[in-house]
Amino acid sequence: MGEKPMVYVLSDSVGETAELVIKAGLSQFNHGEFKISRIPYVEDRETIDESIQLAKEHNGMIGFTLVDPELRSYTNEQAERHGIEAIDIMGPVLASMERVIEHPPRLEPGLVHKLDEDYFKRVEAIEFAVKYDDGRDSRGIARADIVLIGVSRTSKTPLSQYLAHKRIKVANVPIVPEVDPPEELFEVSPDKCIGLHINSEKLNEIRRERLKALGLGDQATYANMQRIEQELDYFNKVVEKIGCPIIDVSNKAVEETANIISQMLKR
């Protein structure tokens, strides 16, 4: 049985996009006759010449995603000159989009890969926020980009999720007088921790509404002013011991607090 013909996949990045398109096309023929060889990070004419020669020697064809117009044009010209079938995957797409958008493309190799990487970082941060929510696992304190500290109903969980969508890994720790804070809080850098302060009146209002939403009476200890003052006093002692920055969230939306935290991280 003769050697299987080859498809040489050329790319100025890792070549994942080009290979996926080629495989999708080959699947429509259902013969499995071709072998695929990926040639990534193509930056010069010499690599293109070598690929053309390989295709000639192995009865192959070429599929390529090259955003550089000069290299793209050179590949098409050389393939035609040597009688090699070449599939320009990116060229027609960019040309059509440029006509509609009326703006030239950025011509930066690897942008799809960068977008994928950005997506996976966001997913990873969201999963992290869920795993280390509400002090569930104190090991997250050392692994997090930031650690949010606060009494119940200071928006720790929604803040963690909001920041996770910005690819920031967040752990959050509830402060309760009856429970000693995890030792890890006092072992990490104080700059990594952020205390979420809220005034007692606002917290009382939020907790009463929360109890009503749950169908419970608003006279429970949870919403009792004396209990709230006790929790806030304990919170103040904890953050003072840590020496971390504090944000007053009393009258701030989650987005506003998240933007303040993002600015703190940049600094």
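**Note on the predicted model: helix pairs, cores and surface**

1. Glu-205 and Lys-202 are both part of helix α8, where they sit three residues apart, about one turn of the helix. The two form a salt bridge in which the closest N and O atoms are 4.0 Å apart. In this model, which is a predicted one, Glu-205 counts as partly exposed because its relative accessibility is 45%, and Lys-202 is likewise classed as partly exposed, at 23%.

2. Helix α8 also carries Arg-207, which forms a salt bridge with Glu-231, the closest N and O atoms being 2.8 Å apart. This pair links distant parts of the chain, since Arg-207 lies in helix α8 and Glu-231 in helix α9, 24 residues apart. Arg-207 counts as buried, with a relative accessibility of 0%, and Glu-231 is buried as well, with a relative accessible area of 6%. Both residues belong to a network of salt bridges that links Glu-178, Arg-207, Arg-227 and Glu-231.

3. The structure holds 12 salt bridges, and one further pair deserves a remark: Asp-137 forms a salt bridge with Arg-139, with the closest N and O atoms 2.7 Å apart. Asp-137 has a relative accessibility of 17% and therefore counts as buried, the limit being under 20%.

4. In the largest nonpolar core, which has 35 residues, those that touch the most other members are Ile-146, Val-147, Leu-148, Ile-149, Leu-185, Cys-193 and Ile-261. Two or more residues of this core come from each of β5 (146-150), α7 (156-164), β6 (170-174), β7, α9 (225-242) and α10 (254-266). The element that gives the most is α9, with seven residues. There is also a second, separate core, made of 15 residues, and Leu-10, Ile-39, Leu-71 and Ala-79 are among them.

5. Leu-148 may serve as a point of entry for inspecting the largest core, as one of the residues there that touch the most other members. Leaving aside neighbours within four places in sequence, Leu-148 is in contact with Lys-156, Leu-159, Ser-160, Val-170, Ala-171, Asn-172, Val-173, Ile-194, Leu-196 and Ile-261.

6. Ile-198 is found in the loop between β7 (193-197) and α8 (200-213), and with a relative accessibility of 2% this loop residue counts as buried. Apart from neighbours within four places in sequence, the contacts of Ile-198 are Val-151, Arg-153, Thr-154, Leu-203, Ile-206, Leu-232, Asp-248, Val-249 and Ser-250. The C-alpha atom of Ile-198 is separated by 61 Å from that of Ile-87, a residue 111 places away along the chain.

7. On the surface, Val-93, Met-97, Val-100 and Ile-101 form a nonpolar patch, and together these residues have about 400 Å² of accessible area. Ile-101 is found in helix α4 (residues 91-101), and its relative accessible area of 58% is the reason why Ile-101 is classed as exposed.

8. The structure holds one aromatic pair, in which the ring centres of Phe-128 and Tyr-132 are 4.5 Å apart and the ring planes stand at 50 degrees, so the pair is described as tilted. Phe-128 and Tyr-132 are both buried.

Notes
Residues numbered from 1 in each chain as written. Predicted model: local features only at pLDDT ≥ 70, side-chain atom pairs only at ≥ 80, totals over all residues. Heavy atoms only, no water. Helix = DSSP H or I, 4+ residues; strand = E, 2+ residues; numbered from the N terminus. Buried < 20%, exposed > 50% of the residue type's maximum accessible area, 1.4 Å probe, protein only. Contact = heavy atoms within 4.5 Å. Core = buried A, V, L, I, M, F, W, Y, C linked by side-chain atoms within 4.5 Å. Patch = residues over 30% accessible without salt bridge, like charges linked within 9 Å, V, L, I, M, F, W, Y side chains within 5 Å. Areas by Shrake-Rupley, 256 points an atom, 1.4 Å probe, with all protein chains shown as cover. Salt bridge = Lys/Arg side-chain N within 4 Å of Asp/Glu carboxyl O. Phe/Tyr/Trp six-rings, centres within 6.5 Å; stacked < 30°, edge-to-face > 60°.
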